[in-house]
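Please consider the structure shown below. The paragraphs after it serve as a guide for a first reading.

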Amino acid sequence: MTEHTVEFIETGETITVSDRQTILSRCIEEGIAQEYSCRVGMCLACSAEIIEGEVEQTVAEKRGLTEEEAESYALTCMARPLSDLKLRRGAYPPSIENDVETGDLASADD
């Protein structure tokens, strides 16, 4: 088991995450306020831009992210660190960025 440092650049919060653990699960354990909803890579609420480092998230490409987006964004509910990371929370991939800005997101009533 290898551990990596994950730093959230806006807040300076840093956690240590095992390569066998998702970033989100460690955030929850440490009491870090990482947004999430579905925990299965579909809603993209837990999305974070990868500023530096690499993650493993093979399921992400089949879920909420395109293959190209998965190179630059981590779904923290699915992503496991492969190296030390710097992440920017609350950053959404281009495929949904316009929906977030305009408030045009699906709801449970849709």
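The account that follows concerns a predicted model.

A suitable starting point is the pairing of two strands. Strand 1 (3–8) and strand 2 (13–18) run antiparallel, and 6 bridges join them. Within this pairing, Glu7 of strand 1 stands opposite Thr14 in strand 2. The hairpin that the two strands form has 4 residues between them, and Gly12 takes a positive phi near 75° there.

Helix 1 spans residues 23–30. Its buried residues include Ile23, Leu24, Ser25 and Cys27. The buried residues of this helix pack against strand 1, strand 2, strand 4 (55–56), strand 6 (80–81) and strand 7. Just after helix 1, Gly31 adopts a positive phi of about 75°.

In soluble globular proteins, nonpolar side chains tend to be buried together. Which residues have the most contacts inside the largest nonpolar core? They are Val6, Phe8, Ile15, Ile23, Val55 and Leu87, in a core of 14 residues. Two or more residues of this core come from each of strand 1, strand 2, helix 1, strand 3 (47–52) and strand 7 (85–89). A second, separate core has 12 residues, among them Leu24, Leu44, Leu75 and Cys77.

Ile23 deserves a separate description. Leaving aside residues up to four places away in sequence, Ile23 touches Val6, Phe8, Ile15, Val17, Val55, Thr76, Ala79, Pro81, Leu85 and Leu87.

Phe8 also takes part in another arrangement: the charged end of Arg89 sits over the ring of Phe8, 4.4 Å from its centre. The count of aromatic pairs, by contrast, comes to 0.

Conventions. Residues are numbered from 1 along each chain as its sequence is written. This is a predicted model: local features need pLDDT of at least 70, side-chain atom pairs count only at pLDDT 80 or more; totals for chains, interfaces and linings use all residues. Side-chain values use heavy atoms; hydrogens and water are left out. A nonpolar core is a set of buried Ala, Val, Leu, Ile, Met, Phe, Trp, Tyr and Cys residues joined through side-chain atoms within 4.5 Å. Buried means under 20% relative accessible area, exposed over 50%, partly exposed in between (1.4 Å probe, protein chains only). Contact means heavy atoms within 4.5 Å. Rings of Phe, Tyr and Trp (its six-membered ring) pair if their centres lie within 6.5 Å; planes under 30 degrees apart count as stacked, over 60 as edge-to-face and the rest as tilted. A charge sits over a ring if NZ of Lys or CZ of Arg is within 6 Å of the ring centre and within 35 degrees of the ring normal. Two strands pair if DSSP finds at least two bridges between them.
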